[in-house]
Amino acid sequence: MSDCLTLRFTVPADDFTRAGEASSSTKATLKQLGLPADIIRRVAIVMYEGEINMVIHANGGEITVEICPDQIVMVLKDTGPGIPDIQQAMQAGWSTASGAARDLGFGAGMGLPNMKKCADSLDIESTVGVGTTVTAVVRL
Amino acid sequence: MLIRDIQALLGAALLCGESRLDDEVTSGFGADLMSDVLAFTDSDTLLLTGLCNLQTIRTADMLDISHIVFVRGKCPDDAMLQLARERGICVLATHYTMFKSCGLLFSAGLRGGGRDE
Ligand SMILES: Nc1ncnc2c1ncn2[C@@H]1O[C@H](COP(=O)(O)OP(=O)(O)O)[C@@H](O)[C@H]1O
Ligand SMILES: [Mg+2]
């Protein structure tokens, strides 16, 4: 669709200092576009938790953000270890995070549940050993 | 409550964001877990935290939090302060513990800035 703006990011593997750069940049773009504060906040939370997950669980990956007149679609794709049991991963408090992730202030199993709460829809496709694709939609 | 009053109450050092000393905040949120900050704060609130790394600043940035107090003598490094400056975030640092800092501010009238669940 021509009236959608697409942003693409590569999230580097294992670089904890750069984790969040894509989300930060996306948030700045949404602000420039003059979108409502509540929408920007929800997109920022979903993308940031998702981006952190790519770094701490999956060696980075690719994020595409499509900003359309009626919705914002975030696709976070990695080729990490995959999620064996998505239902379990969605439970608040479930986490396989390392100590290093916890040192960052993450890894308490709160990310996916909060992403689900903030997005209008959250879809996770994952194959163990192949990777994970998280698609989140925030409607305008 | 004005940021400059908060600074005085906590005996805090101002590390960046001089221009924000006369900003007013009405609520505060204390946490070391950034996922909790992302899940439980609602609006522009004063963030009190003992977690001291770049993700603290990024989390604040994501939520439009403009004022951070580092507690327990935690001292942000140059990279953190540079990012905070870029994002217009005011950073204070106190030697007081989280409990004491929150208690002092609550007694002085600051209210809880998170959702209780
Ligand atoms: N991109 C991913 N790749 C592999 N596993 C993931 C990914 N995202 C989440 N997970 C799994 O789901 C669990 C829960 O994720 P989340 O709710 O964000 O909590 P946390 O990141 O704090 O562990 C993680 O601990 C991890 O096991
Ligand atoms: Mg997570």
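In this predicted model, helix α3 (residues 54-62) of chain B and helix α4 (residues 78-86) of chain B have axes that come within 9 Å and cross at roughly 15°. An angle under 35 degrees counts as roughly parallel, and α3(B) is therefore roughly parallel to α4(B). The crossing in which α3(B) passes α4(B) is right-handed. On the α3(B) side the contact is made by B:Leu54, B:Ile57 and B:Arg58, and on the α4(B) side by B:Ala79, B:Met80, B:Leu83 and B:Ala84. Sorted by class, this contact has six nonpolar residues, no polar residues and one charged residue.

A second helix pair lies in chain A, formed by helix α2 (residues 37-58) and helix α5 (residues 111-118), whose axes come within 9 Å and cross at roughly 155°. Because angles over 145 degrees count as roughly antiparallel, α2(A) is roughly antiparallel to α5(A). Here α2(A) passes α5(A) in a left-handed crossing. From α2(A), the residues making the contact are A:Arg42, A:Ile45, A:Val46, A:Glu49, A:Gly50 and A:Asn53; from α5(A), they are A:Gly111, A:Leu112, A:Asn114, A:Met115 and A:Cys118. By class, five nonpolar, four polar and two charged residues make up the contact of α2(A) with α5(A).

The two pairs are set out below.

| Helix pair | Axis distance | Crossing angle |
|---|---|---|
| α3(B) and α4(B) | within 9 Å | roughly 15° |
| α2(A) and α5(A) | within 9 Å | roughly 155° |

The burial pattern of α5(A) adds to this picture. Its residues A:Gly111, A:Leu112, A:Asn114, A:Met115 and A:Cys118 are buried. Viewed down the axis of α5(A), these buried residues fall within an arc of 165°, so they line one face of the helix. In general, an α-helix has 3.6 residues a turn, so residues three or four places apart point the same way. The partners against which the buried residues of α5(A) pack are α2, α3 (86-90), β4 (121-127) and β5 (131-139) of chain A, together with α2 (34-40) of chain B.

Elsewhere in chain A, A:Ala22 is found in helix α1 (residues 21-32). With a relative accessible area of 6%, A:Ala22 is buried, since the cut-off for burial is under 20%. Leaving aside neighbours within four places in sequence, A:Ala22 is in contact with A:Phe9, A:Met47, A:Glu51 and A:Ile63. A:Thr10 lies 12 residues from A:Ala22 in sequence, and the two are 8.0 Å apart in space, C-alpha to C-alpha.

Key
Residues are numbered from 1 along each chain as its sequence is written. Chains are lettered from A and ligands numbered from 1 in the order in which they are written. This is a predicted model: local features need pLDDT of at least 70, side-chain atom pairs count only at pLDDT 80 or more; totals for chains, interfaces and linings use all residues. Side-chain values use heavy atoms; hydrogens and water are left out. Axes are lines fitted to C-alpha atoms, for helices over the stretch in contact, and angles run from 0 to 180 degrees between N-to-C directions. Helices (H or I, at least four residues) and strands (E, at least two) are DSSP runs, numbered from the N terminus. Angles under 35 degrees count as roughly parallel, over 145 as roughly antiparallel, 65 to 115 as roughly perpendicular and the rest as oblique. A crossing is left-handed if the near helix is turned anticlockwise from the far one by less than a right angle, and right-handed if clockwise. Contact means heavy atoms within 4.5 Å. Ala, Val, Leu, Ile, Met, Phe, Trp, Tyr, Cys and Pro count as nonpolar, Asp, Glu, Lys and Arg as charged, and the others, Gly among them, as polar. Buried means under 20% relative accessible area, exposed over 50%, partly exposed in between (1.4 Å probe, protein chains only). The arc is that of the directions from the helix axis to the C-beta atoms.
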